Each structure stands twice: as C-alpha cells, then as structure tokens.
Amino acid sequence: MRALVTGAGGFLGSHLCDRLLAQGHGVVGMDNYVTGNPANIAHLEHHPHFQLIRHDVTTFIEIDGPLDGVLHFASPASPVDYLELPIQTLKVGSLGTHKALGVAKAKGARFLLASTSEVYGDPLLHPQPESYWGNVNPVGPRGVYDEAKRFAEAMTMAYHRYHKVDTHIVRIFNTYGPRMRLNDGRALPNFVYQALSGKPLTIYGDGKQTRSFCYVSDLIEGVYRLMMSNEHLPINVGNPQEITILEFAERIRKHFDNAPPIVFESLPQDDPKRRCPDITKAKRILNWAPKLGLDEGLKLTLAYFKQVFQKKQRN
C-alpha cells in the first residue's frame, strides 16, 4: 500500500508514518508545520519508502502516482493551538477534509479521518458510545475544534454515501507518549513541563474532572486496524480507564524527587467534566483494546520529555 498521511509532522501523524513504514507500506507525508514539528519525522528523511511534501492541505492536493490510502491527521489538536489558531482549525477541518477526500476519490483510495472525542463536547452521557450525538457549544471558544471535526465527519460520510469512497472515522480520546510538545497545553505535557521547570502543577477547577489516557502505540494499533477494516461509521479508540486530573497530577509528582506543589486556577469555558470512551465497538469489530498501563506509559513518556527538556536547557 502507498498512503498519504496529512499532518505527518504531528505527534500522532509521525507515529502513524512509522507504523505504516514498519508494515512495509510506502508513505507520502504532508505537513505545513503550523503545529507539527520537523524533528518528529527527521529520522525518516532518508527512508527509501518515505516522501515528504510541505503543503497546506486546505489548498488543492496533487500527488503523483497511485495512492491506496489517505489518512487525514492534519489539524491543531491542543486547546492552546486551536484557541490561538481558530480560523486555521476550522479551515483544516472543512477545506482540508474536502481536499483530502478529493484525493482519495480521484485515486480510488480508502480514506481515514482522525476525528476526536471532542465531538461529544461536555457529555451528558457516560461513558460515551459512538451513538451519542454530543453536547457541544457551537459558539464557545472550543467550538472551532469541536465543530470542525463534526463537520469533517459529516463530509466524510457524505463522500462515502454519495461518491462511494471507502471511508473510516476514528474518534480519538486523550493520547500521550513521546513526540508530544512539552508546552502544548494538554494535561500531561503541561504537568511535566512545570515539574521539570520547578514550577507548581496547575490544575484547572477542582481537579475532579476526569480523562482517560491511552498510550500512543496502542492508539496507532487501533487506527491501523480500523484502516484495514470494513467499518465506515465512527469508532472510539482510547483507554476506558478513567482518572481524575488531580489523581493524574499526583501520579506524575511521584516521578520527581522534589515533587512540586499543586495550585488551582479557574476552569476554562466548556471544559468537559467527564471524558471516557465506550470501546465496546472497537473490541467487537477491531478486536482491539489498549494494552499498556498508565504507569508504564508514563515512564516512557517522562524519559522522552526529560531528554527534550535537557536538550533545550543546553541550547
């Protein structure tokens, strides 16, 4: 298979490129590095089956030669990014998805959309099954990301139903691991960056809001299985083990000798109070479930972050 991966320089996109290449597939990586990092795919520069194209996916995409798959992972994904880049976030979810689907249609390729648990908004149903339509504030500050992904899902299903494109949609829940940016605004890199810098860990609200954290290798395995499946409706991929943000901060503090204190600040608007996937469908259709426990995953991730932090300090 030869596949196009948009957002190839991002956290998930770069791991996806690695996985596809490890399976023997050819990969065309595409990124304009608005939020991606060239260092994430620098190790692939001389790989014989990897090609990098620097391009904005919201404009017409042209790829020479055949394509068997298009995996659309381009998008700002952290609150810091999509609050700073609201228009770009909406454009990559709408125009970018349209252009990526157009390539898949033209090449007769299967298509996979990286959607998100944010389509559920601040959910009133718990845990969240794929059948839940969500509780989203379309005009709130987070709406630019939530609605961009909801529109992207609608566009993907329209191409499937009208143009008969072989489409797949993965709803990604909180994922962590090497290649996350230290200061990208999400809970884990924020806590680690603060701890490494000797600053207190900042918790928004009372810390009782919950998240569920899936290690990146588990997530990519689920994505790959979905890409190779015959399922066209959305599938949740994430870890169903729920943990409060306060408990999560305490887990991270245990990994530091001089554990920093915790401080509390006001909760951002529309921040979800509970977030946990129902992965019954993924288990049944993909025979998938996460394998790596949180403590083991944290060790691997913290080792990476410490290395990056030390490198920055030297420079």
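These entries record what I looked up in a predicted model, taking two helices, the ring pairs and some backbone details in turn.

**Ground rules.** I number residues from 1 along each chain as its sequence is written, and I leave hydrogens and water out, using heavy atoms for side-chain values. Because the model is predicted, local features need pLDDT of at least 70 and side-chain atom pairs count only at pLDDT 80 or more, while totals for chains, interfaces and linings use all residues.

**Entry 1, helix α1.** I took helices and strands as DSSP runs numbered from the N terminus (helices H or I, at least four residues; strands E, at least two). Helix α1 covers residues 11-22, twelve residues in total, and reaches 17 Å from its first C-alpha to its last, close to the 16 Å expected at 1.5 Å a residue; the expected span is 1.5 Å times one less than the number of residues. I then asked how many residues of α1 are buried, where buried means under 20% relative accessible area, exposed over 50% and partly exposed in between, with a 1.4 Å probe and protein chains only. Ten of the twelve are buried, so α1 is largely enclosed by the rest of the structure. The buried residues are Phe11, Leu12, Gly13, Ser14, His15, Leu16, Cys17, Arg19, Leu20 and Leu21. Just after the helix, I noted that Gly24 takes a positive phi of about 95°.

**Entry 2, helix α6 and its crossing with α1.** Helix α6 runs over residues 216-227, and its end C-alpha atoms are 16 Å apart, which agrees with the 16 Å that its twelve residues should span at 1.5 Å a residue. Nine of the twelve residues of α6 are buried, so I call this helix mostly covered; among them are Val216, Asp218, Leu219 and Met227. The two helices pack at an angle of about 65° with their axes 10 Å apart, the axes being lines fitted to C-alpha atoms over the stretch in contact and the angles running from 0 to 180 degrees between N-to-C directions. Their crossing is right-handed, a term used if the near helix is turned clockwise from the far one by less than a right angle, whereas anticlockwise would be left-handed. Which residues meet here? Taking contact as heavy atoms within 4.5 Å, I found Phe11, Leu12, His15, Leu16, Arg19 and Leu20 of α1 against Val216, Leu219, Ile220, Glu221, Val223 and Tyr224 of α6. These contact residues divide into nine nonpolar, one polar and two charged, with Ala, Val, Leu, Ile, Met, Phe, Trp, Tyr, Cys and Pro counted as nonpolar, Asp, Glu, Lys and Arg as charged, and the others, Gly among them, as polar.

**Entry 3, aromatic pairs.** Rings of Phe, Tyr and Trp (its six-membered ring) pair if their centres lie within 6.5 Å, and planes under 30 degrees apart count as stacked, over 60 as edge-to-face and the rest as tilted. By this rule the count comes to nine aromatic pairs. The rings of Tyr120 and Tyr132 have centres 6.0 Å apart and planes at 20°, so this pair is stacked. Both tyrosines lie in the loop between β5 (110-116) and α4 (143-163), so the pair ties together parts that are twelve residues apart in sequence. Tyr120 is buried at 0% relative accessibility, and Tyr132 is buried at 15%. For Phe191 and Phe248 the centres are 6.2 Å apart and the planes stand at 45°, so I entered that pair as tilted. Phe191 lies in helix α5 (residues 187-196) and Phe248 in helix α7 (residues 245-253), so the pair ties together parts that are 57 residues apart in sequence. Both phenylalanines are buried, and ring pairs link them with Tyr176, Phe213 and Tyr215 into a cluster.

**Entry 4, helix α5.** Seven of the ten residues of α5 are buried, so this helix is largely enclosed by the rest of the structure. Its buried residues are covered by elements including β7 (175-176), β8 (201-204), α7 and α9 (294-314). Just after α5, Gly198 takes a positive phi of about 75°.

**Entry 5, backbone exceptions.** Most residues other than glycine have a negative phi, and most peptide bonds are trans. I found a cis peptide bond joining His126 and Pro127, with omega about -15°; Pro127 sits in the loop between β5 and α4. Tyr33, which is not a glycine, has a positive phi of about 60°; Tyr33 lies in the loop between β2 (26-31) and β3 (50-54) and is buried at 16% relative accessible area. Arg179, also not a glycine, has a positive phi of about 90°; Arg179 is in the loop between β7 and α5 and counts as buried at 17% relative accessibility.
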